[in-house]
Amino acid sequence: MLKQILGRIPKKNSKNAGDSNPSTSLSAKRNGGTKRVGNPTDEALGASFSVMNVGSNGQDKFIPAPYEALPSFRDVPSSEKQQLFIRKLKMCCVVFDFTDTGKSVKEKEIKRQTLLEFVEYVTSANGKFSETVMQEVVKMVSANIFRVFTPQPRENKLVDGIDLEEEEPAMDPAWPHLQVVYEFLLRFITSPETDAKTAKRYVDHSFVMKLLDLFDSEDPREREYLKTILHRIYGKFMVHRPFIRKAINNIFYHFVFETEKHNGIAEFLEVLGSIINGFALPLKEEHKLFLVRTLIPLHKPKCLAMYHQQLSYCVTQFVEKDFKLADTVIRGLLKYWPVTNSSKEVLFLNELEEVLEVTQAPEFQRCMVPLFQQIARCLKSLHFQIAERSLFLWNNDHIENLIKQNRKVILPIIFPSLERNARHHWNQAVHSLTLNVRKIFYDLDPDLFKACQNKFDENELKGSEIEEKRIITWNRLEELAAKNASTGEAVLVP
């Protein structure tokens, strides 16, 4: 019964039923029964994919066979160079597996030499690149560099107190090829033969966005190239500038408020430092909002040390361009001032000095009260590096002059911390620096110094009286508790 049912099902027709090799029949169909003699690589590029290769991103890649080198640019006439360039670009779209060093060794070397030829060709080009060339360049670069990263867990490492900067960075095994691709892309972008008006159709928002995603690479060599390429794209393609700034903003927001994990924050800030340096005056409202909403909140993550130097430079650039922003920046630092992270607090004090160094007197006066309330807390810190770094502020002539001009407000705020350090701070260096600062104020205004001294002594006396009353109260409470322990009655203290 089953055989009868199966027998009624129509069979699929096949023109080459006797041919057991489907690739043979496909080749015969393509050639139309005639044999065409040509370059073996031309045939390879037009042939069906027959050799499987697993790419570095874990996906199956197919490469044509045979994979052979094309003629050198030196061996063809100038009129045929661009066409040869396009053929070579298509050949280099193949991605090899670099996790297995013994696999496709010959093909990898052919591709590497071809990529090196690209760099030389683009550097010495003396004619505008055609639109077709630009399209193929972007295709080839995209096929080689755009990939999905597998992030390594880092949260536990931070909790364990391991400094990420001291860890060995993860090096991409495909770097021997990636480096040449990045160098080629850099030379292509910066080449005077690359017309920005035409190239922007292919180096578009999608391409730029994928390029920004690569900044999360753990390989510092790759991030260094990406930083340079992004800066050149920003300079050459003016139409992309607002998009690039907005895209970087979004990456920062995601980092600050969601993940606190990204490898390329320092490189982004390095590019932005150069961009901020070129902002025209007066600053646009958009740029001021970038400072307030993006740069200042970047002080919040606990991994600040990884990018603080670049961040501090960007913030200081804003204050140098518009001194009225000093109050905004200082209050922003105070908002995110660390409470329990001593190393991060030292970084804040370093940045604070850089900002104060370019701060004018009117802006300083607006924020000096909350600022020196925080500095007073730093002065009396038991962590000697924090106390020492805050005392170093007086070594800066500009900051010392600002403090001297406003001593009547500042000294009463910080005097208790100075006096306690001078009396019983455990660190000798902090003790010596404190005495130097006290001497500066005493020599400058002895009357003010004595008034602050008297006020401090009065407060100490009141504090000791309050402490004595507290001890007496607790003693009475203990006595009453012991007396009424047997009865179990509540104890009321008058």
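Modeller: Buried here means under 20% relative accessible area, exposed means over 50%, and partly exposed covers what lies in between. The model we are discussing is a predicted one.

Colleague: With that scale in mind, is glutamate 400 buried or exposed?

Modeller: Glutamate 400 lies in helix 20 (residues 397-405), 4 residues from lysine 404, which is about one turn of the helix, and the two form a salt bridge whose closest N and O atoms are 3.2 Å apart. Lysine 404 has a relative accessible area of 27% and is therefore partly exposed. The relative accessible area of glutamate 400 is 14%, so this residue counts as buried.

Colleague: In the salt bridge between lysine 227 and glutamate 224, which residue is partly exposed?

Modeller: The side chains of these two residues, lysine 227 and glutamate 224, meet with an N to O distance of 2.7 Å, and they stand 3 residues apart in helix 11, so about one helical turn separates them. Lysine 227 has a relative accessible area of 10% and is therefore buried. With a relative accessibility of 40%, the partly exposed residue is glutamate 224.

Colleague: Which residue forms a salt bridge with lysine 88?

Modeller: Lysine 88 is in helix 4 (residues 81-91), and its salt bridge links distant parts of the chain, reaching a residue of helix 5 that is 29 residues apart from it. Lysine 88 itself counts as buried, because its relative accessibility is 1%. The closest N and O atoms of the pair are 3.3 Å apart, and the residue that meets lysine 88 is glutamate 117.

Colleague: How many salt bridges does the count come to?

Modeller: Beyond single pairs there is also a network of salt bridges, in which Glu419, Arg423, Arg438 and Asp457 are linked. For the structure, the count of salt bridges comes to 26.

Colleague: Are the ring planes of phenylalanine 118 and phenylalanine 184 stacked or tilted?

Modeller: A search of the whole structure finds 25 aromatic pairs. In this pair the ring centres of phenylalanine 118 and phenylalanine 184 are 5.4 Å apart, and because the planes stand at 45°, the arrangement is tilted.

Colleague: How many residues apart in sequence are the parts that this pair, phenylalanine 118 and phenylalanine 184, ties together?

Modeller: Phenylalanine 118 is buried with a relative accessible area of 0%, and phenylalanine 184 is likewise buried at 0%. Both belong to one aromatic cluster, together with Phe73, Phe85, Tyr121, Phe129 and Phe188. Since phenylalanine 118 lies in helix 5 (residues 105-123) and phenylalanine 184 in helix 8 (residues 175-190), the pair ties together parts whose separation in sequence is 66 residues.

Colleague: Which residue of the loop between helix 18 and helix 19 is exposed, with a relative accessible area of 66%?

Modeller: Serine 381 lies in the loop between helix 18 (361-379) and helix 19 (384-391), but its relative accessibility is 16%, so serine 381 is buried. Serine 381 touches Ile386, Ala387 and His425, leaving aside residues up to four places away in sequence. Another residue placed in this loop is leucine 382, which joins Phe384 and Trp426 in a nonpolar surface patch of about 360 Å². At 66% relative accessible area, the exposed residue is leucine 382.

Colleague: How many disulfides does the count come to?

Modeller: A disulfide requires a pair of cysteine sulfur atoms within 2.5 Å. The sulfur of cysteine 93 lies 7.7 Å from the closest cysteine sulfur, that of cysteine 92, and this is too far for a bond. The number of disulfides counted is 0.

Definitions and conventions: Residues are numbered from 1 along each chain as its sequence is written. This is a predicted model: local features need pLDDT of at least 70, side-chain atom pairs count only at pLDDT 80 or more; totals for chains, interfaces and linings use all residues. Side-chain values use heavy atoms; hydrogens and water are left out. Helices (H or I, at least four residues) and strands (E, at least two) are DSSP runs, numbered from the N terminus. Buried means under 20% relative accessible area, exposed over 50%, partly exposed in between (1.4 Å probe, protein chains only). Contact means heavy atoms within 4.5 Å. Patches are made of residues with over 30% relative accessible area and no salt bridge: like charges are joined within 9 Å, nonpolar side chains (Val, Leu, Ile, Met, Phe, Trp, Tyr) within 5 Å. Accessible areas come from the Shrake-Rupley method with a 1.4 Å probe; for residues, only the protein chains shown count as cover. A salt bridge is a side-chain nitrogen of Lys or Arg within 4 Å of a carboxyl oxygen of Asp or Glu. Rings of Phe, Tyr and Trp (its six-membered ring) pair if their centres lie within 6.5 Å; planes under 30 degrees apart count as stacked, over 60 as edge-to-face and the rest as tilted.
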